[in-house]
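Let's walk through this fold together, from its overall layout down to a few individual side chains. Please keep the sequence and the model at hand as you read.

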Amino acid sequence: VARAAASLPPVVTAENFSRVAPGATRQDLLTNLGQPSYRVRISGDGHVQEFYRFSSGGSDLGSVRVVDGTVTSVRPRQN
């Protein structure tokens, strides 16, 4: 029985991080960038806020804020 090759998880790069924009879904974010290096989830007042930080090769790329499953802000690392 032949098996399909498992797809490799995405690898975050500065290029694909730069394509993240407000309005994207959490699922799109994680599908395109993979798992963040850091994540905080806060729920209250009927909303869920998540803060993700992404890094690649030990370098911080920036952070993304997600509210109720939708990206609301993207903050690239300041040089």
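Helices (H or I, at least four residues) and strands (E, at least two residues) are DSSP runs, numbered from the N terminus. With that in mind, Asp 68 can be placed in the loop between strand E3 (59-67) and strand E4 (70-76).

A word on the basis of what follows. This is a predicted model, in which local features need pLDDT of at least 70 and side-chain atom pairs count only at pLDDT 80 or more, while totals for chains, interfaces and linings use all residues. Residues are numbered from 1 along each chain as its sequence is written, and side-chain values use heavy atoms, with hydrogens and water left out.

**Overall layout**

The protein chain has 2 helices and 4 strands, and along the sequence they follow the pattern α-α-β-β-β-β. Of its 79 residues, 27% are buried; here buried means under 20% relative accessible area, exposed means over 50%, and partly exposed lies in between (1.4 Å probe, protein chains only). The accessible surface comes to about 5,700 Å², and 50% of that belongs to carbon and sulfur atoms. Such areas come from the Shrake-Rupley method with a 1.4 Å probe, and for residues only the protein chains shown count as cover. As for contacts (heavy atoms within 4.5 Å), take those between residues at least 6 apart in sequence: 33% of them join residues at least 24 apart.

**The sheet and its helix**

How are the strands ordered in the sheet? The open sheet of 4 strands has the order E1-E2-E3-E4, with antiparallel pairing; two strands pair if DSSP finds at least two bridges between them. E1 and E4 are the edge strands, each pairing on one side only. From one strand to the next, the twist averages 15°.

Helix H2 (residues 26-33) packs on this sheet and touches E2, E3 and E4, and its direction makes about 15° with that of E2. For such angles, axes are lines fitted to C-alpha atoms, for helices over the stretch in contact, and the angles run from 0 to 180 degrees between N-to-C directions.

Between E2 and E3 the antiparallel pairing extends over 8 bridges. Tyr 52 has Val 64 in E3 as its bridge partner, and Glu 50 stands opposite Val 66 in E3. E3 and E4 also run antiparallel, joined by 6 bridges, and here Gly 62 has Pro 76 in E4 as its partner.

**Turns between the strands**

Now look at the backbone where one strand hands over to the next. The table collects residues with positive phi.

| Residue | Phi |
|---|---|
| Asp 45 | near 55° |
| Gly 57 | near 60° |
| Asp 68 | about 50° |

Asp 45 is found in the loop between strand E1 (38-44) and strand E2 (47-56). At 78% relative accessibility, Asp 45 counts as exposed. Gly 57 belongs to the hairpin of E2 and E3, which has 2 residues between the strands. The hairpin of E3 and E4 likewise has 2 residues between its strands, and Asp 68 takes its positive phi there. Asp 68 counts as partly exposed, at 42% relative accessibility.

**Salt bridges**

How many salt bridges does the structure hold? There are 4, each defined as a side-chain nitrogen of Lys or Arg within 4 Å of a carboxyl oxygen of Asp or Glu. One of them brings together the side chains of Arg 19 and Glu 15, at 2.6 Å from N to O. Both Arg 19 and Glu 15 are exposed.

Glu 50 offers a second setting. Arg 26 forms a salt bridge with Glu 50, and their closest N and O atoms are 2.7 Å apart. This pair links distant parts of the chain, with Arg 26 in helix H2 and Glu 50 in strand E2, 24 residues apart. Is each partner buried or exposed? Arg 26 is partly exposed, with a relative accessible area of 29%, whereas Glu 50 is buried, with a relative accessible area of 2%.

Glu 50 also forms a salt bridge with Arg 39, where the closest N and O atoms are 3.7 Å apart. Here too the pair links distant parts of the chain: Glu 50 lies in strand E2 and Arg 39 in strand E1, 11 residues apart. Arg 39 is partly exposed, at a relative accessible area of 47%. Through shared partners, the salt bridges join Arg 26, Arg 39 and Glu 50 into one network.
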